[in-house]
Amino acid sequence: MIDQTIFPRPLKALYHSFGCKLNFAETASVADVFASRGIAAVKKGETPDIIVVNTCSVTGEADRKCRSAIRSFNRRYPDALILVTGCYAQLKPEELTALPGVGIVAGVNDKLALADYAEKYFAGRLESVPVPDAKDLREFMPSCSRGDRTRYFLKVQDGCDYWCTYCTIPKARGRSRSGTIAQLVGQAEEVAAQGGKEIVITGVNIGDFGHGRDDKFIDLCRELDKVEGIERYRISSIEPNLLTDEIIDFVGSSRRFMPHFHIPLQCGDDEVLALMRRRYDTALFAHKVDRISTLIPDAFIGVDLIVGARGETPERFESSRAFVDSLDISHLHVFAYSERPGTRALQIDHVVSQEEKHRRSAVMMAISAAKHAGFASRFIGSVRPVLLEHSRDGQLLGGFTDNYLRVETSLSPDFDNSVVPLRLDTLGDDGETISASPIG
């Protein structure tokens, strides 16, 4: 518990996370550590004493949003201590230290030490926190938490050794490293003991699990599948070259791994993929999608896509558009390319204008909307199992089907964290959310 001679009243903390599911999972774990010290999360209308900002730096726009949020927090809560961590903090700690209200900036592997840093700061025993070079990060920082969500997020791997030309993540997260199978199975068993029903498997490059060891990601999946009490697992983003046929076959036969894949493509043109230094071509990607669609025809397939990358000429964009349009996929996550200092992409010729990036984004997002609506429409009138999640005040209870369709239902909040068979009735105007009702 926190030293009451330093803090005469209970402290409150506010948590704000940017970026990927891994960041959100780690923020939830940070909140758990603070709670164990007697520092509760703020409730609506309360004023925080501590603000934790977990940053993202995947694009220049992500950096800008992080800075803007920190300035806004400082204006609203000028007396609060702001602690900043995450990828932006790892890459450019000096930029964040200079922002008003920021008292502590910590690297990506120090997130679970933030509570210690806060105590020392308030006690006057902390001047600064050194941010080590990411290349020196070797320790795997575990994380398994749900925060204020129903689903748990289990971090199994961190870092990346791929060095794609457009990406700063290896500089921010360090080298690939992962937990042990025994450690991760133990965390899943704890989730089951707490009544958790679904676990999302997260990491920076989860298919690289076990790098430097004999065990592989498929070995972890098989052991997690044996944990009694967990009804659902979802595999978050996994590189197509690491999504082996063995993994696809396993998901198709598993009772607990959901028919849901998230595969980064980044571009549907082989020349651009080579410029990006991606480790596959469109033929391999198409094979993975075809295998999933054949073996698991109800599977949801989400795909990451970058438009306007350096080297993406009009002809190469058209090649990418045609390839993406040909795929039997369910959804696109479309990102406009962002110049990142220090990346090898800056050496590539042919720069795409911002206006053209916006146009290309709109083209791909229209394809995504059509594919998602088409996929969702296939299941109208059918019954699917849905994990219901607690709703905000005044909103319908919602959740996801096994194959990742978002539904809303009029069932009471008593069904929170329950897997319930629901009939999918009507696709909403957004082309994504489905109204559902109980059967019988």
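Which helix is Leu96 found in? Leu96 sits in helix α4, residues 93-97. Hello everyone, and before I go on, please keep in mind that what you see above is a predicted model.

Let me stay with Leu96 for a moment. Its relative accessibility is 0%, so Leu96 counts as buried. If we set aside neighbours within four places in sequence, Leu96 is in contact with Ile70, Val84, Tyr88, Ala89, Val102 and Val105. For a sense of distance, take His333: Leu96 and His333 are 237 residues apart along the chain, and their C-alpha atoms are separated by 28 Å.

Now to the sheet I would like to show you. Four strands make up an open sheet, in the order β6-β7-β10-β11, and the pairing is mixed. At the edges we have β6 (143-145) and β11 (232-235), each of which pairs on one side only. On average, neighbouring strands of this sheet are turned by 20° against each other, with direction ignored.

What packs on this sheet? Helix α7, residues 181-193, does, and α7 touches β6, β7, β10 and β11. The direction of α7 makes about 170° with that of β7.

Let's walk through the pairings. As a reminder, strands of a sheet pair through backbone hydrogen bonds, either parallel or antiparallel. Strand β7 (residues 152-155) and strand β10 (residues 198-202) pair in the parallel sense, over four bridges. One position to click on is Phe153, whose bridge partner in β10 is Val200. Moving on, β10 and β11 also run parallel, and four bridges join them. Here you can pick Glu198, whose bridge partner in β11 is Arg232.

While we are on β11, look at its side chains. In a regular strand the side chains alternate between the two faces of the sheet. In β11, Arg232 and Arg234 point one way, Tyr233 and Ile235 point the other way, and all are buried.

Speaking of buried arginines, is Arg173 buried or exposed? With a relative accessibility of 2%, Arg173 counts as buried. Arg173 is found in helix α6, residues 169-173. The side chain of Arg173 makes a polar contact with the side chain of Asn23, at 2.9 Å. Beyond its neighbours within four places in sequence, Arg173 has a list of contacts that includes Leu22, Glu26, Cys87, Lys111, Lys155, Asp158 and Val204.

Next, Ser178. You will find Ser178 in strand β9, residues 177-178. With a relative accessible area of 12%, Ser178 is buried. Which backbone atom does the side chain of Ser178 reach at 3.0 Å? That is the backbone nitrogen of Gly210. Not counting residues up to four places away in sequence, Ser178 touches Phe140, Val156, Gln157, Phe209, Gly210, His211 and Arg213. By contrast with those contacts, take Glu389: Ser178 and Glu389 are 29 Å apart in space, C-alpha to C-alpha, and 211 residues apart in sequence.

Now two helix pairs. The axes of helix α1 (residues 21-36) and helix α5 (residues 114-122) come within 9 Å and cross at roughly 50°. That angle makes α1 oblique to α5. The contact is made by Val30, Val33 and Phe34 of α1, together with Leu114, Ala115 and Ala118 of α5. By class, this contact of α1 with α5 has six nonpolar residues, no polar and no charged.

The other pair is helix α12 (residues 314-326) and helix α13 (residues 354-377), which pack at an angle of about 10°, with their axes 11 Å apart. That makes α12 roughly parallel to α13. From α12, the contact uses Pro314, Phe317, Ser320, Arg321, Val324 and Asp325, and from α13, Arg359, Arg360, Val363, Met364, Ile367 and Lys371. How do the residues of the contact of α12 with α13 divide? They divide into six nonpolar, one polar and five charged.

Last, some backbone angles for those of you who like to check torsions. Most residues other than glycine have a negative phi. Trp163, although not a glycine, has a positive phi of about 55°. Trp163 lies in the loop between β8 (157-158) and α6, and with a relative accessible area of 41% it is partly exposed. Gln266 is not a glycine either, and has a positive phi of about 75°. Gln266 lies in strand β12, residues 260-266, and at 10% relative accessibility Gln266 counts as buried.

Thanks for listening, and I'm happy to take questions.

Key. Residues numbered from 1 in each chain as written. Predicted model: local features only at pLDDT ≥ 70, side-chain atom pairs only at ≥ 80, totals over all residues. Heavy atoms only, no water. Pairing = 2+ DSSP bridges. Axes fitted to C-alpha atoms, helices over the stretch in contact; angles between N-to-C directions. Contact = heavy atoms within 4.5 Å. Parallel < 35°, antiparallel > 145°, perpendicular 65-115°, else oblique. Nonpolar A, V, L, I, M, F, W, Y, C, P; charged D, E, K, R; others polar. Buried < 20%, exposed > 50% of the residue type's maximum accessible area, 1.4 Å probe, protein only. Polar contact = N/O pair within 3.5 Å; in protein donor to acceptor, adjacent residues only side chain to side chain.
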